[in-house]
Amino acid sequence: MKCKYTVLILLFNLFFFTLFSQSLQVVTPETVGLSSERLERLTGRFEQYVTDKKMAGSVILVARKGKVAYYNAIGMSDIDSKRVMKEDAIFRIASQTKAIVSVGVMILQEQGKLLISDKVGDYIPEFSETTVAELKEDGSYEVVKASRPITIRDLLTHTAGINYGGGHVSDAWSEAGIQGWYFADRNETIGEVIPRMARLPNVSHPGTQWVYGYNTDILGLVIEKASGKPLDQFLQQEVLDPLGMKDTHFFLPKEKKDRLATVYNPRDGALKPAPEKGMMNAQGAYINGPRKCFSGGAGLLSTAKDYYLFLQMLANGGELNGTRILAPSTVNLMITDHLDGIDFRPGLGFGLGFDIVKDTGATGTYGSVGTFGWGGAYGSKYWVDPEEELVVVYFTQLRPGSVVSDQLMLRSLIYQSIIFD
């Protein structure tokens with residue numbers, strides 16, 4: 001009898017989790033301390049961006065105290081076909097992939113399969129010894145042995161010295177055919193491309209500078225080696241399925257292609273659809289392509305709802321709707337500044353996958369101390385403000401991204417809508 005009741009309880013919980021994951025209940029803003037009237041300023045401003053042809057459209061989700069209070073699709077998903085933007089539109093989220101992969105690494109630490117203090121070379125032997133291109137006064141460089149091995153923590157904090165193949169090392173990286181964050185058109189696996197990076201010179205010694213680059217792509221292969229599973233399968237089983245993130249993929253199922261928002265290139269005061277083929281400024285090979293190279297740094301597609309579920313899990317200390325992904329102590333470690341004096345940006349530190357607000361006066365904009373977040377190359381943005389119990393997801397599709405002051409305006413218009421704790 002006890003066993004029968006246990007099964008019934010499990011089925012009951014599964015039913016309600018499935019129901020929750022299929023739709024988001026939106027509450028009246030005032031019930032969570034937001035002003036409906038003031039949120040209309042947010043709607044009006046982003047509708048004006050569409051009218052002024054600064055962007056085709058966007059989806060904005062604002063949650064407070066664990067409840068969604070604003071969930072709005074604005075403008076068009078595709079202008080030429082007059083496809084209206086909908087809440088379930090799918091977006092290329094680029095570097096917002098990094099947060100999900102970083103969580104994957106921390107899951108493996110909790111499972112006892114790695115430590116973030118481990119050397120990357122323990123998992124990818126080619127990284128056991130790396131090199132750095134030290135600049136000379138005449139602009140040339142000398143390739144020297146790195147001062148120490150790169151660790152997993154270096155990759156999580158972007159202090160490994162690895163960039164995106166630009167700057168003074170661009171000649172070597174270009175010759176190797178590895179530059180930029182876009183991997184979707186590669187007819188090879190990350191197990192083939194990532195080890196080749198280890199033979200190329202980096203721009204600084206590990207632990208000395210914050211350098212944005214292939215760090216999280218390398219972590220994707222670390223996950224594969226430590227878990228024994230392809231990156232997409234590991235994330236599906238450990239993060240996406242448990243959280244009900246049913247529309248988050250590296251490559252889009254063909255039946256969902258009509259939900260993928262079009263990428264636009266702002267040029268000469270107008271919006272032009274990005275070309276179908278190309279690299280970082282194109283539509284991308286997310287539907288038709290090799291479907292082989294899972295970019296842990298910039299490869300995922302998602303919806304505002306899916307990404308909100310992921311962020312709310314972090315905001316809750318690693319748990320969502322009774323499903324625990326991480327321990328609270330692990331989340332606390334991730335949202336703590338790890339830079340230890342390394343220069344980053346005014347008022348900001350960097351944790352294990354996110355930037356962290358340390359001084360709101362130095363940042364010059366809204367956001368409590370401890371707010372963490374990041375964004376993506378197509379103009380998207382997200383953040384979690386633990387003090388205000390606030391979660392924000394903003395998706396649009398522009399390359400280059402954020403050509404107007406939309407992200408700063410978004411932050412301003414959301415915080416001005418908070419009227420009580």
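## Exercises on a predicted chain

Alanine 94 is buried, with a relative accessible area of 1%; buried means under 20% relative accessible area, exposed over 50%, and partly exposed in between, with a 1.4 Å probe and protein chains only. The model is predicted, so local features need pLDDT of at least 70 and side-chain atom pairs count only at pLDDT 80 or more, while totals for chains, interfaces and linings use all residues. Residues are numbered from 1 along each chain as its sequence is written, and side-chain values use heavy atoms, with hydrogens and water left out.

### Exercise 1: the whole chain

Describe the chain by its secondary structure, its radius of gyration and its burial.

Step 1. The chain has 12 helices and 16 strands. These are DSSP runs numbered from the N terminus: helices are H or I with at least four residues, strands are E with at least two.

Step 2. For 421 residues, a compact globule would have a radius of gyration near 22 Å, and the 21 Å of the chain agrees with that. The radius is taken over C-alpha atoms, and the globule rule is 2.2 Å times the number of residues to the power 0.38. The C-alpha trace spans about 70 × 60 × 45 Å along its principal axes.

Step 3. Of the 421 residues, 56% count as buried.

Step 4. Take the contacts (heavy atoms within 4.5 Å). Among those between residues at least 6 apart in sequence, 68% join residues at least 24 apart.

### Exercise 2: two acidic residues

Place glutamate 388 and aspartate 247, and find the polar contact of each side chain.

Step 1. Glutamate 388 is in the loop between β15 (381–385) and β16 (390–395). Its relative accessibility is 17%, so glutamate 388 counts as buried.

Step 2. A polar contact is a pair of N or O atoms within 3.5 Å; within protein, one must be able to donate a hydrogen and the other to accept it, and residues adjacent in sequence count only if both atoms are side-chain atoms. The side chain of glutamate 388 has such a contact, of 2.7 Å, with the side chain of arginine 64.

Step 3. Neighbours within four places in sequence aside, glutamate 388 is in contact with Arg64, Ser368, Tyr415 and Ile418.

Step 4. Aspartate 247 is in the loop between α8 (231–243) and β7 (264–267). With a relative accessible area of 4%, aspartate 247 is buried.

Step 5. The side chains of aspartate 247 and arginine 259 make a polar contact of 2.8 Å. Not counting residues up to four places away in sequence, aspartate 247 touches Lys256, Arg259, Leu301, Ser302, Thr303 and Asp306.

### Exercise 3: two helices and their cover

List the buried residues of α12 and α6, then name elements that cover them.

Step 1. In α12 (residues 406–415), the buried residues are Asp406, Leu410, Arg411, Leu413, Ile414 and Tyr415.

Step 2. Their cover includes α2 (36–51), β1 (57–64), β15 and β16. Tyr415, one of the buried residues of α12, is also among the contacts of glutamate 388.

Step 3. In α6 (residues 190–197), Ile190, Val193, Ile194, Pro195 and Met197 are buried. The elements covering them include α5 (170–175), α7 (215–227) and α8.

Step 4. A general rule helps in reading such lists: an α-helix has 3.6 residues a turn, so residues three or four places apart point the same way.

### Exercise 4: backbone details

Locate the cis peptide bond, then compare the positions of lysine 53 and alanine 94.

Step 1. The cis peptide bond joins arginine 399 and proline 400, with omega about 0 degrees. Proline 400 is in the loop between β16 and α12.

Step 2. Lysine 53, a residue other than glycine, has a positive phi, near 60 degrees. Lysine 53 is in the loop between α2 and β1, and at 53% relative accessibility counts as exposed.

Step 3. For alanine 94, phi is near 45 degrees, again a positive value in a residue other than glycine. Alanine 94 lies in the loop between β4 (91–92) and α3 (97–110), and is buried at 1%.

### Exercise 5: sequence and space

Give the C-alpha distance from asparagine 321 to alanine 298.

Step 1. Asparagine 321 is in the loop between β10 (319–320) and β11 (323–324). Its relative accessibility of 40% makes asparagine 321 partly exposed.

Step 2. Asparagine 321 and alanine 298 are 23 residues apart in sequence and 28 Å apart in space.
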